[in-house]
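User: I would like to go through this model in questions and answers. Please keep the replies short.

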Amino acid sequence: MSNSLPSINPTKTKAWEQLNTHYNNIKNKQVAELFKQDSQRADTLKIEWKDFYIDYSKNRIDATTVKLLVQLAKEVGLDQAINSFFNADTINVTENRAVQHIALRNNHKVIIKGKDLSKDIQEVKDQIKSFSEEVINGNYKGYTGKTITDIVNIGIGGSDLGPYMITEALAYYKNHLNLHYISNVDGDHVHQTLKKLNPETTLFIVVSKSFSTQETLSNALTIREWFLNSSSDCNKDAISKHFVAVSSNIQKVVDFGISPQNIFPIWDWVGGRFSLWSAVGLSIVLGIGFTHFEELLEGAMEMDTHFKETNFEKNIPVLLGLLSIWYGNFFGCDTEAVIPYCQYLHRLPAYLQQGIMESNGKSTDRNGNKIDYQTGTIIWGEPGTNAQHAFFQLIHQGTRLIPSEFIGFKESLYQDSSHHNKLMANFFAQTEALMKGKNLEEVTQELQSKGLDLEAIKKIAPYKIFEGNKPTTSILINKLTPKNLGALVAMYEHRIFVQGIVWNIYSFDQWGVELGKQLAGNILAEIDTDLSNAHDASTNALLKKFLNS
């Protein structure tokens, strides 16, 4: 396998050695004290870019930390890797593919393996625009001549998480069409959704690059059967009016019954978890319109340019990616929390789980060697303020150090300042509380002011102490717009890339999902024949219990 990426074990670099020494010097320092020592800290440890204000001053770092992390990025060849990425080199080496989801959101010439793909990309965009406008305007009719009222996206993984997250995030900009997402092979999920739908006014989008993904195809076949059985007038010709596909396997789509003109192509250089910018985003376009989709692409393109051209010291994806490495590899943190103070972004943590954990959950380096250092980050989270009444107890007073990322907006979409001020007051208060904590003296004074005697205070005080010094990064954005959302998502994509390069792993394959699929196929055949005794004792016992129930 040829590799245009550098392949350097980060733990063998000079910067890593210096970071280890530096960590021992700084690990017990209080961020609150660092603020007292440096009056310019808040101004120094921030990045302002377009509508974004990134405050990373509440992290357990100082200027030396930043300097050494940037040095690490340079020593492992991040500059070279970024150039390879933007030059459309074959950086997905194990699958022999380029990685060019960024090509979907720019207007530049795109050459992959000697072929200019700009025309192909534009043709698909034009197809999406024309089709979506026909549906939205009511000119596209179902088999009985009725207009479409509901859109159902059938996909899984990146074919579901990205479009679903975006349409939820941009629900404020949504038109009259009702959007539904079916992903799980759980039949209850499918049938529960179908209960709400009228086959005469529903359009189904089957999203599968190979058109053979088990979950997606099973759901699509079940839905097709439901559709054909819905009326005696509903025949196979009607399928072409109600089913479209996003796929690269044209023949399988046609065999399913979908008209060739309703097939939206996708290419092998678009990875599933980075595919919402492609025809995979058809449901997004149908939900918010092509103009807003273009704004989403524009925001992502601007972040691409920032990532490509900005010095590492002020490069948002680079610095935030390096901070994750700082906590994961030096502090030993296993998880990071993402807390959007915006209900519209309630699906963002789930989307990032796939993007980050499927990309960088690897244990083999780019030389094919077993890795002996930590890679990958466990991502989790929920919107604030709900999260404050759920898992914030663990972040504040638990035994684990959990770096947290807060995302908020200066302006609410409905201009309800009363609610928004309360929301953002909590945003700012939580980051301050996590940093400052509350010591025994403060707790004692507080309890004395409430009239408790010294004996009572002695008993309750230990439970009310907050250790503080919990790291947070604040991302404050002017307003939730399609353009700003595009930039935010692209920021996370590039952070994934940065971390993968530093960890010396391939971020764009996902072989780890294959084994379970293979075994599931074998077990399904055994379940269908009611015969199985070919597994470990536990699995055999479980299958026996299931089959005899």
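User: Where is F211 placed in this predicted model?

Analyst: The model is predicted. F211 has a positive phi of about 55° although it is not a glycine. F211 is placed in the loop between strand 7 (202-207) and helix 9 (214-228).

User: Is F211 buried or exposed?

Analyst: The cut-off for buried is under 20% relative accessible area. F211 has 3% relative accessibility, so F211 counts as buried.

User: K113 also has a positive phi. Is K113 buried or exposed?

Analyst: The phi of K113 is about 50°, and K113 is not a glycine. K113 is in the loop between strand 3 (111-112) and strand 4 (115-116). Exposed means over 50% relative accessible area. The value for K113 is 57%, so K113 is exposed.

User: Which two residues does a cis peptide bond join?

Analyst: The omega of this bond is about 10°. T385 is in the loop between strand 11 (378-380) and helix 16 (392-397). The cis bond joins G384 and T385.

User: Which helix gives the most to the largest nonpolar core?

Analyst: The largest nonpolar core has 125 residues. Among those that touch the most other members are W269, W326, L345 and F497. The top contributor to this core gives 13 residues: helix 20 (residues 482-503).

User: Which residues is F497 in contact with, leaving aside neighbours within four places in sequence?

Analyst: F497 belongs to the group that touches the most other members of the largest core. With those sequence neighbours left aside, the contacts of F497 are L78, A81, I82, F85, I91, F307 and F508.

User: How many residues does the second, separate core have?

Analyst: This core includes V190, L194, A238 and I258. Its residue count is 21.

User: How many residues of strand 13 are buried?

Analyst: Strand 13 covers residues 472-477. T472, S474 and L476 point one way, and T473, I475 and I477 the other way. Both sets are buried. The count is 6 of 6.

User: Which strand runs parallel to strand 13, and by how many bridges is it joined?

Analyst: Strand 2 (residues 52-55) is joined to strand 13 by 4 bridges, and these two run antiparallel. In that pairing, D55 stands opposite S474. The parallel pairing includes F409, whose bridge partner in strand 13 is I477. The parallel strand is strand 12 (residues 404-409), joined by 6 bridges.

User: What is the volume of the largest cavity?

Analyst: Rolling a probe the size of a water molecule over the atoms shows where empty space is left. The search of the whole structure finds 5 cavities of 30 Å³ or more. The largest has a volume of about 180 Å³.

User: Which residues lie nearest the centre of the largest cavity?

Analyst: The lining has 20 residues. By class, 10 are nonpolar, 7 polar and 3 charged. Helix 14 (316-331), strand 10 (335-340), strand 12, strand 13 and helix 20 each supply at least two of them. Nearest the centre lie L320, S324, E336, E405 and R495.

User: Which helix supplies the largest share of the lining of the second largest cavity?

Analyst: This cavity has a volume of about 70 Å³. Its lining includes L104, I121, W267 and F293, and divides into 9 nonpolar, 1 polar and 1 charged. Helix 6 (118-136) and helix 13 (290-309) give two or more residues to it. The largest share, 4 residues, comes from helix 6.

Notes. Residues are numbered from 1 along each chain as its sequence is written. This is a predicted model: local features need pLDDT of at least 70, side-chain atom pairs count only at pLDDT 80 or more; totals for chains, interfaces and linings use all residues. Side-chain values use heavy atoms; hydrogens and water are left out. Buried means under 20% relative accessible area, exposed over 50%, partly exposed in between (1.4 Å probe, protein chains only). A nonpolar core is a set of buried Ala, Val, Leu, Ile, Met, Phe, Trp, Tyr and Cys residues joined through side-chain atoms within 4.5 Å. Contact means heavy atoms within 4.5 Å. Two strands pair if DSSP finds at least two bridges between them. On a 1 Å grid over the protein atoms alone, a cavity is a set of points where a 1.4 Å probe fits but cannot get out, and a pocket is an open set with protein on both sides within 12 Å along at least five of seven lines; lining residues have an atom within 4 Å of a point. Grid points are joined across faces, edges and corners, and a volume is the space filled by probe spheres set on the points. Ala, Val, Leu, Ile, Met, Phe, Trp, Tyr, Cys and Pro count as nonpolar, Asp, Glu, Lys and Arg as charged, and the others, Gly among them, as polar.
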